[in-house]
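New to this one? Take a moment to look it over, and then we'll walk through a few of its parts together.

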Amino acid sequence: MFLNTVHLPVSLCNTPTLTSRCLGTDGVEWGHPWGSRAVDECKPANVHVVTGSAEESAHILAGLEKDGMVKRLPKYENCWLARTDPKDVARVESKTVIVTKNQRDTIPIPDGGAKSQLGSWMSEGDFQKARQDRFPGCMAGRTMYVIPFSMGPVGSPLSKFGVQVTDSPYVVASMGIMTRMGTPVMDKLAQGAEFVRCQHSLGRPLPLKAPLVNSWPCNPEKVLISHLPDTRQILSFGSGYGGNSLLGKKCFALRIASRIAKDEGWLAEHMLILGITNPQGVKRYVAAAFPSACGKTNLAMMKPALPGWTVECVGDDIAWMKFDSQGKLRAINPENGFFGVAPGTSLKTNPHAMATIAKNTVFTNVGETSDGGVWWEGLDPPAAGVSLTDWHGKSWKAGDSGPCAHPNSRFCTPAAQCPIIDPQWESDEGVPIDAIIFGGRRPEGVPLVYESFNWRHGVFVGASMRSEATAAAEYKGTVPH
């Protein structure tokens, strides 16, 4: 049982809006018809409204440690290691769907019955059947955490709010890093602010019917990550992995946000944002679009080799962009942290990332050193006398058949800790964008770098680029996507 757990009879939550809130038995307020329906459907043992306080965060992590889901890393300050079920290690794009009335509203329909590579559509009827097969009673015996969060600074006109309900305390700990989470957002919602509705369950109600692997609850056989853009809803089931369970990330910040952006006249893009200053002191901001695991974080935190040049990081993964009243394209990073790929990150490739992750970080599926630290492929070998444990929890040494860290192992760390975080990274109006780079993982067959003729040609180039598959999704090999 965690701090401020609220035992809420369903009748207490039947309030029409968040401007008319209900009161839990410990004084924590929470109420909305959507939340009431989630409680009715998932049948949790109790409900905890997340406040975002430091005391609450400590209790969440202590509970995760007690349950064996995370392990403290004594070599660093407030750092933790999680090992997942080996069947739950990446985004599952084949089980990620968009639910709309008409298929054409989601994806182009190829001739001859071919499968579109631009997403997966599910009919409203099939979704309701899938939901009925998964969510009723899925949180039995567990706590439902209610996470009010903001994508972007809470006061920015470019930001958007969300509320996620989940039965995963790992998600709560990670969302506290990746978003602005807790009471300040709930206060905005109480004033009537719109929010995206995010419902997530691990799909392992208590008592368990089968033992867990690595103390990691998930339900790989029934994973489904569904998006309902018409009603601004996300429902994710069966996976605890960050890309599938931290619903503020790809699910909200890219997929649902793309629909909101279409309706409101802006762009939600899979892009880093960096500021670059030349020796004469002229600064420009650049956005860059690469698929996951193709170098966005390393570029966003680049340490220039050219004398007199500096790079500062605004964001490493997602950009929300909108033209201002003067016609200038401006962008914000809607996230509050970095959910970076660990293998390949090192003092040589990204010294600023290494400095960032030295404290207050949750590592997932990396290797562990016997002196209480972490290790992955790309780092220098550990010191003499220091042994390694792989991401499965087994002893590992160089030359073993499998990797020490999973290729998609991650660090989840606060952006504010980055030593080159841009002074304007939380600017309400966003930073002005002067150029856009499109890239990916293509080691052969295309030029390393080339420039488009103009903005119109650049749109065509960006829309037609391909990249080899990476460990960030379930695809294998070198097939371009």
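What follows is a short tour of one annotated region, two sheets and a pair of helices.

Before we start, keep in mind that this is a predicted model.

Let's begin with the annotation. An unreviewed UniProt entry lists residues 37–262 as "domain: Phosphoenolpyruvate carboxykinase GTP-utilising N-terminal". Over that stretch the chain is 29% helix and 22% strand. The C-alpha atoms at the two ends of residues 37–262 sit 29 Å apart.

Now for the helix pair. Helix H2 covers residues 54–66 and helix H4 covers residues 169–178. The two pack at an angle of about 140 degrees, with their axes 9 Å apart. Angles over 145 degrees would count as roughly antiparallel and 65 to 115 as roughly perpendicular, so H2 and H4 are oblique to each other. H2 passes H4 in a left-handed crossing. Which residues make the contact? From H2 come Ile 60, Leu 61 and Leu 64, while H4 brings Pro 169, Tyr 170, Val 172 and Ala 173. Sorted by character, the contact residues are seven nonpolar, no polar and no charged.

H2 has company on the sheet side too. It lies across strands E3 and E4 (80–82), running at about 110 degrees to E3.

That leads us to the sheet those strands belong to. It's an open sheet of five strands in the order E3-E4-E20-E25-E19, with mixed pairing. E3 (70–72) and E19 (337–341) stand at the edges with a single partner strand each, so one side of each has no neighbour in the sheet. From one strand to the next, the twist averages 20 degrees.

There's another open sheet to look at, this time of four strands. Its order is E22-E21-E23-E24, and the pairing is antiparallel. Here the edge strands are E22 (374–375) and E24 (395–396); each has a single partner strand, so one side of each is left without a neighbour in the sheet.

As a bit of background, strands of a sheet pair through backbone hydrogen bonds, either parallel or antiparallel. Here is one strand pair from each sheet:

| Strand pair | Sense | Bridges |
|---|---|---|
| E20 (residues 362–364) and E25 (residues 410–414) | antiparallel | three bridges |
| E21 (residues 367–369) and E22 | antiparallel | two bridges |

You can pick out individual partners as well. Phe 363 has Phe 411 in E25 as its bridge partner, and Glu 368 is partnered by Val 374 in E22.

Technical notes
Residues numbered from 1 in each chain as written. Predicted model: local features only at pLDDT ≥ 70, side-chain atom pairs only at ≥ 80, totals over all residues. Heavy atoms only, no water. UniProt positions renumbered as here; feature names shortened; annotations may be inferred. Pairing = 2+ DSSP bridges. Axes fitted to C-alpha atoms, helices over the stretch in contact; angles between N-to-C directions. Parallel < 35°, antiparallel > 145°, perpendicular 65-115°, else oblique. Left-handed = near helix turned anticlockwise from the far one by under 90°. Contact = heavy atoms within 4.5 Å. Nonpolar A, V, L, I, M, F, W, Y, C, P; charged D, E, K, R; others polar.
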